[in-house]
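Q: I am new to this structure and would like a close look at a single part of it. Could you show it to me and walk me through one loop, with some of its surroundings for comparison?

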Amino acid sequence: MREILDSYHKLSLFDTVIPFILIIRFIKWAGWPSWLFARVQSLPKLPRMKAHLYWSGVHMRTVAITADPDSQTLRSVTLPASWDDNAAQALAELAVDGGPVRLASEAARWIDRIDTTPQLDQTSSKDGPVSIGRSLSYLLLMRHMAPNRALWQGRDDEQFGFVVKLSSFVADNLFSPEQFVACLELACESLRRIHLSQKGERSGDLPLFEEYQQPVSGESTAGIILLSDLDACLAAIGLDYDSEEGRQFSIAVTALASLVLKKNTLRPLTVLASPLFPSIEHIATAIAEACPACKAPFPPVELGFSAPGPIDALLGVEACGLAPIFSPLDEKGHLRASTQSRLAFRGLTPEKALALALNNENPLPIADGFSFARMHDALIKLADYLPPRPEPEMETLLSRLERGVRRSLPPRQNGFSQKTSIGGHALFMRTSEFEDGSLGALNLVPSRESPMARGLMECLGHAVSIGLQCGVPLETFIDQFAYTHFGPCGTVEGDPSVNYASSMLDYAFRVLSETYLGKHMPDAPLRSPEDQTEDPLLPFGQDKELHKKLPKKPHSLRLVS
């Protein structure tokens, strides 16, 4: 074979190209043989070839989408065929450059950056440096883990991190702590490699040819790992969000993640007992016993739960961070995967669940702000970062304030009228009530004040009335306006239940508290003469010199024709 190739290379241009050209011209002049034409026609027709894109063996699709809903500009986004359009929109939002967006190209930026960093000594192997880029790309394609926005877009001035989807580690209704630990260790190694490679740049030194050195104790954290999709993970293993078993599982998983992130650092390792989930406790105990004393510890990695953002949409989570899934349906009106899992654990089909719902029976427990707050309180001591704690009381208040719904007063209204004098200034107050006797409207008229002061007081009464009719509790207004200090103030005449008022609003809302809530509010303490100032009535503290009468000019006669 070698001799044939050598003889072929020795041929000249005349010996190879010219005969081929002559053969082609002869075929064109003589025409194709009929037997060859019939043979070609008898061959089976091949299907039309389509350009399919693949990345690491995963079939990709291309969609046209816009990152900004208000923009009319469409961008071509190439992502795995199994990912939805929300992931495509999140990928377009995360893209650094304009133009078409491809997941492989966008992920190559941060994957190559991690691969080019020096390898940690404790994770090195005898065969040489190990590339972790392929493992990171596989975890991204399986939607197990993705970098946060700072690492994805290369924002060196922000904290790098990874977002881990908890529900992706559930298979056959069982949570896999081994795969979860392996994913966390890979994320920690990636963050520490980037952090140690940038140590000289952050300190101001720019080493050119210095060898890699182990980190010293006391330096800053290497990054943060955020857990997400907790409620979907609980649903996949058959646990309710607002249950003691669900909170115990969340505590066990969070404690295991915290233990993995503290490994090979100066932070103490603590194994949390989990009698309901012995497999998680067994893995944690094995990690603590296998971790040797570190002479050159690595920088620690913080742990937290994610907040809503494009990374969670890219991973396809049902609820961000530790938040519950409030709706059993998705955006298209279909049952969520978590809803189907919870129905299956209860032995209910979608048809039976629908029948129960039509019979005013709820087949699944409904998560609310109170359950969210209980989960937040259970995990606050185990994580370094948590989203703000929800306020269930405010949620209850907002549920009462239905947008666009205003309660109307009856045609004939009950209430009371009160005429008083506060510091010598007259005030006329009139109330109107709903059918149930609760306050529905308030009218405040300072009859002898300036038109501006009278108009402001009347407008305030109208605003309070609208708030009461839309569902705002009377306690909110009382807490806001009672004991306010401004003029006119002083002794109250005409109402024996109140002796002193620090303002007209103070008197009015303390009277409303005693009348409609049954809560007596005592008078405010008298202000000392040194603290008392003149009433800030119109003209609102203008200089008295301006109000002195100017000297009268002598009248002069003028001739008018």
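A: Happily! Let us start with a small stop on the way to the main loop. D172 counts as exposed, because its relative accessibility is 72% and the cut-off for exposed is over 50%. This residue sits in the loop between β7 (170-171) and β8 (174-175). D172 also has a phi near 55°, which is a positive value in a residue other than glycine. Please keep in mind throughout that this is a predicted model.

Now to the part for the close look: the loop between α19 (474-481) and β14 (490-493), where T484 is found. Y483 has its place in this loop too, and so does P488.

Take Y483 to begin with. Like D172, Y483 is a residue other than glycine with a positive phi; for Y483 the value is near 65°. Its relative accessible area is 31%, so Y483 is partly exposed.

Next comes T484. Here the relative accessibility is 18%, and because buried means under 20%, T484 counts as buried. What does the side chain of T484 reach? It reaches the backbone oxygen of F481, at 3.0 Å. T484 also has contacts beyond its neighbours within four places in sequence: these are with S502, S503, L505 and D506.

Further along the loop there is a cis peptide bond, which joins G487 and P488. Its omega is about -5°.

For comparison, here is a residue from another loop. S274 lies between α11 (244-262) and α12 (278-290). With 9% relative accessibility, S274 counts as buried, because that value is under 20%. Setting aside residues up to four places away in sequence, S274 touches A252 and E281. Its C-alpha atom is separated by 9.7 Å from that of V253, although the two residues are 21 apart along the chain.

Now some surroundings, beginning with a helix. Helix α8 covers residues 177-197, and 16 of its 21 residues are buried, so α8 is largely enclosed by the rest of the structure. Its length can be checked as well: at 1.5 Å a residue, α8 should span 30 Å, and its end C-alpha atoms are 30 Å apart, which agrees.

There is also a sheet to look at. Four strands form an open sheet in the order β1-β2-β3-β4, with mixed pairing. Each of β1 (53-55) and β4 (101-102) has a single partner strand and stands at an edge, so one side of each is left without a neighbour in the sheet. β1 pairs with β2 (residues 58-65) in the antiparallel sense, over three bridges. One pair of bridge partners is L53 and M60, the latter in β2. Helix α4 (residues 85-94) packs on this sheet and touches β2, β3 (75-80) and β4. The direction of α4 makes about 120° with that of β3.

Finally, step back to the whole protein. It has 20 helices and 15 strands, and 40% of its 561 residues are buried. Among contacts between residues at least 6 apart in sequence, 63% join residues at least 24 apart. The accessible surface comes to about 34,100 Å², and carbon and sulfur atoms account for 56% of that.

Note on methods: Residues numbered from 1 in each chain as written. Predicted model: local features only at pLDDT ≥ 70, side-chain atom pairs only at ≥ 80, totals over all residues. Heavy atoms only, no water. Helix = DSSP H or I, 4+ residues; strand = E, 2+ residues; numbered from the N terminus. Buried < 20%, exposed > 50% of the residue type's maximum accessible area, 1.4 Å probe, protein only. Polar contact = N/O pair within 3.5 Å; in protein donor to acceptor, adjacent residues only side chain to side chain. Contact = heavy atoms within 4.5 Å. Pairing = 2+ DSSP bridges. Axes fitted to C-alpha atoms, helices over the stretch in contact; angles between N-to-C directions. Areas by Shrake-Rupley, 256 points an atom, 1.4 Å probe, with all protein chains shown as cover. Expected span 1.5 Å × (residues − 1).
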